[in-house]
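I opened the notebook today to go through a pocket, the aromatic rings beside one another and the charges that sit over rings.

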Amino acid sequence: MRLAEGQTAVVTGAASGIGLAMARRFAAEGLNVVLADVEEAALDKAAEELREEGARVHARVVDVSEREEVRALADAAYDTFEGVHVLCNNAGVGSGAEGRMWEHEVNDWKWAFAVNVWGVFHGIQAFVPRMIASGEPGHVVNTSSSDGGIAPLPTASVYAVTKAAVVTMTESLYAHLKAEHARVGASVLFPGPHMLRTGLWESHRNRPERYAKERPRKTPYRSLDQWEAAMRAAGREIHFTPVEDVAGTVVDGIRADRFWLLPPSEHSDAQIRARSRSMLDRAEPTYLENFVLD
């Protein structure tokens, strides 16, 4: 798909991190940008920064787990800019689950699925029919993660399961768009290949009361800085991918109509090969051995 000035991109989870980097890159390409996020103060700050850089911006507070709020976002985007050409279903949260899967609180799963899975589905339903009906080129990018989208991460199983669901949802969307001969493409994004400095580590700050934890955590939440310090103290070197690089991967992938937005990585490639070999051999999942919980 050719990106051109005057087109419009909608990005959820756009107040910081990957979402803001994508919005900034789309604006640099001349696109109008619609920013959606659950954090009003951060959203207002992001929108003002982009406007100061010359971008045409519409910002709206949206909880993507709520279908009607996403539908209202679509109405606002079309009312403001008369069309949508790129949709990035990017909003996501962790879960805060502790212990073994059978010990998890149900609300940990409900909240993660509400945002990470239902949020993507709500975006597809609210925008894709209009994008198809316009007859113009369009593209949908759904954010997954290598932690689940490529290989499950048992130490963060709730998050991993939701991100695996996003991959399958996007594969299905791709097939449905092809069957309709639509001019709308689809991609699944695996940000990376290294760690990312995003607000995902502190996503519990936006956890709604309806999904509140039922009992206190056994251990306090750790920020990314605290986790990084612990890793370095243990002698483990940590590498980070700039969110701007992720945004570049998205733009390049849209232009190339590429489905798998997966940066080159020996680690990811090894995981993919190991998982495929395990399935083809009908063998135990040996690719999980490094993640077995004590």
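Pocket entry. In this predicted model I looked up the second largest pocket, and its space comes to about 290 Å³. I then listed its lining, which is made of 14 residues, and noted that Gly-149, Ile-150, Trp-260, Ile-272 and Arg-275 are the ones that lie nearest the centre of the pocket. Going by helices, I found that α6 (146–149), α7 and α10 (266–280) each supply at least two residues of this lining. By residue type, I recorded eight nonpolar, four polar and two charged residues in the lining of the second largest pocket.

Ring entry. I turned next to the aromatic pairs, of which the count is five. The pair that I looked up to begin with joins Tyr-174 and Phe-259, with 5.3 Å from centre to centre and 70 degrees between the planes. I wrote this pair down as edge-to-face, because an angle over 60 degrees is what that class requires. In sequence the two partners are 85 residues apart, Tyr-174 being in helix α7 (residues 157–179) and Phe-259 in the loop between α9 (243–256) and β7 (260–261), and the pair thus links distant parts of the chain. For exposure I noted a relative accessible area of 33% for Tyr-174, which is partly exposed, whereas Phe-259 has 13% and counts as buried.

I went on to Phe-190 and Trp-260, whose ring centres are 6.1 Å apart and whose planes meet at 25 degrees, which makes a stacked pair. Phe-190 belongs to the loop between β6 (184–189) and α8 (224–233) and Trp-260 to strand β7, so this pair ties together parts that are 70 residues apart in sequence. Which of the two classes, buried or partly exposed, applies to Phe-190 and which to Trp-260? I found Phe-190 buried, at a relative accessible area of 3%, and Trp-260 partly exposed, at 41%.

Taking the rings together, I noted that Tyr-174, Phe-190, Phe-259 and Trp-260 are linked by ring pairs into a cluster. I also marked that one member of this cluster, Trp-260, is among the residues nearest the centre of the second largest pocket.

Charge entry. Finally I looked for charges over rings, and I recorded Arg-130 over the face of Tyr-78, with 5.0 Å to the ring centre. I recorded as well that the charged end of Arg-217 sits over the ring of Tyr-221, where the distance to the centre is 4.2 Å.

Conventions:
Residues numbered from 1 in each chain as written. Predicted model: local features only at pLDDT ≥ 70, side-chain atom pairs only at ≥ 80, totals over all residues. Heavy atoms only, no water. Phe/Tyr/Trp six-rings, centres within 6.5 Å; stacked < 30°, edge-to-face > 60°. Helix = DSSP H or I, 4+ residues; strand = E, 2+ residues; numbered from the N terminus. Buried < 20%, exposed > 50% of the residue type's maximum accessible area, 1.4 Å probe, protein only. Lys NZ or Arg CZ within 6 Å of the ring centre and 35° of its normal. 1 Å grid on protein atoms, 1.4 Å probe; cavity = no way out; pocket = protein on both sides within 12 Å on 5 of 7 lines; lining within 4 Å. Points joined across faces, edges and corners; volume = space filled by probe spheres on them. Nonpolar A, V, L, I, M, F, W, Y, C, P; charged D, E, K, R; others polar.
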